[in-house]
Amino acid sequence: MQPLLFLAAVALIFTTSGDDRAWPWLVAVMVVNHLVDRLMEPTADQVSSEYSRLRAMKRLKLLKKELDEQRGPVFRGGGRPIWRPAPEGRLQLVAAAQGDGSRSVAVVRWMVEPGAIVTETQPIAHVQYDAATLEFPADRAGRICELLVPAGREVPIDTVLCELEPDSLPLTTPQEAPAA
C-alpha cells in the first residue's frame with residue numbers, strides 16, 4: 001500500500017507542474033504495482049500447506065516432549081538409564097552404553113536397599129562411566145526387589161544392575177483400625 005501512496009504523491013507533483021505526458025506512465029506503474037502486490041499474496045493452497053507444516057512441526061515437538069518424559073530426565077553427561085521388562089512384571093535397570101566409548105561401568109553407590117519403596121524419578125544409584133558419573137532414577141514407583149551388582153564393582157555394558165517391582169506396594173502404609 002505504501003508504494004501506491006508514493007506514486008499518488010508523484011502524480012500530484014506532475015499534475016501541478018503542468019506535464020500531462022506523465023499520467024499514462026503513472027497509471028501503468030500503479031497497475032503493475034497492484035498486480036505485483038496481488039501476486040505476492042499467498043494463495044489459499046499456500047496458506048493451507050504452511051498451516052499443515054506448522055501443525056506437523058507442533059505434533060513432532062509434542063511427540064518429542066512425550067518421548068522425553070517417558071525416557072526420564074537428562075542427567076549429567078547426557079546419559080539416560082535404560083529400564084527393560086523382566087519376568088514376573090518386574091523392570092530391570094541396565095547399564096547401557098552412553099556414547100562415550102565406555103566398555104564397562106562401575107556402581108559407585110546405591111542410594112536404596114533391597115525391599116525399599118521408591119517413587120518415580122527417585123535417585124537409586126550413582127554409576128561411573130569413563131566420561132561422567134550419572135545418577136540413575138527409578139522408572140516407576142514400586143519396590144526394589146534386588147541389587148544385582150554390589151557398590152564398587154565394575155561390570156560390562158548391558159549388565160542388569162537391579163530389579164524393580166513397579167507399584168507392588170502402596171507408598172503409604174494403611175492406618176490401623178482403632179482398637180475397640
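**Exercise 1. Find which residues Ile124 touches, leaving aside its neighbours within four places in sequence, and place Ile124 in the nonpolar core.**

Solution. Leaving aside neighbours within four places in sequence, Ile124 is in contact (heavy atoms within 4.5 Å) with Trp83, Leu93, Trp110, Met111, Val112, Val118, Phe136, Pro137, Ala138, Ile144 and Cys162. The model is a predicted one, in which local features need pLDDT of at least 70 and side-chain atom pairs count only at pLDDT 80 or more, while totals for chains, interfaces and linings use all residues. Residues are numbered from 1 along each chain as its sequence is written, and side-chain values use heavy atoms, with hydrogens and water left out.

The next step is the core, a set of buried Ala, Val, Leu, Ile, Met, Phe, Trp, Tyr and Cys residues joined through side-chain atoms within 4.5 Å. The largest nonpolar core has 24 residues, and Ile124, Tyr129 and Leu161 are those with the most contacts inside it. Two or more residues of this core come from each of β2, β3 (104-110), β5, β6 and β9 (159-166), where strands are DSSP runs of E with at least two residues, numbered from the N terminus. In general, nonpolar side chains in soluble globular proteins tend to be buried together.

**Exercise 2. Describe the settings of Phe136 and His126, deciding whether each is buried or exposed.**

Solution. Phe136 is found in strand β6 (residues 133-137), and its relative accessibility of 0% makes it buried, a class that means under 20% relative accessible area, with exposed over 50% and partly exposed in between (1.4 Å probe, protein chains only). The C-alpha atom of Phe136 is 5.8 Å from that of Pro81, although the two residues are 55 residues apart along the chain.

His126 lies in strand β5 (residues 123-128) and also counts as buried, because its relative accessibility is 13%. The side chain of His126 makes a polar contact with the side chain of Glu135 at 3.4 Å; such a contact is a pair of N or O atoms within 3.5 Å, where within protein one must be able to donate a hydrogen and the other to accept it, and residues adjacent in sequence count only if both atoms are side-chain atoms.

**Exercise 3. Trace the five-stranded open sheet and explain why β1 and β4 stand at its edges.**

Solution. The strand order is β1-β2-β9-β7-β4, with antiparallel pairing, two strands being paired if DSSP finds at least two bridges between them. β1 (82-85) and β4 (117-118) each have a single partner strand, so one side of each is left without a neighbour in the sheet. At one edge, β1 pairs with β2 (residues 91-95) over four bridges, and Pro85 has Leu91 as its bridge partner. At the other, β4 pairs with β7 (residues 142-147) over two bridges, with Arg143 as the bridge partner of Ile117. β7 in turn pairs with β9 over five bridges, where Gly142 is matched with Pro166.

**Exercise 4. Determine how many disulfides the structure contains, and why Cys162 is in no bond with Cys145.**

Solution. A search of the whole structure, with a disulfide taken as a pair of cysteine sulfur atoms within 2.5 Å, finds zero disulfides. Cys145 is in no disulfide, and its nearest cysteine sulfur is that of Cys162. The separation of 8.8 Å between these sulfurs is too far for a bond. Cys145 is buried at a relative accessible area of 14%, and Cys162 is buried at 0%.
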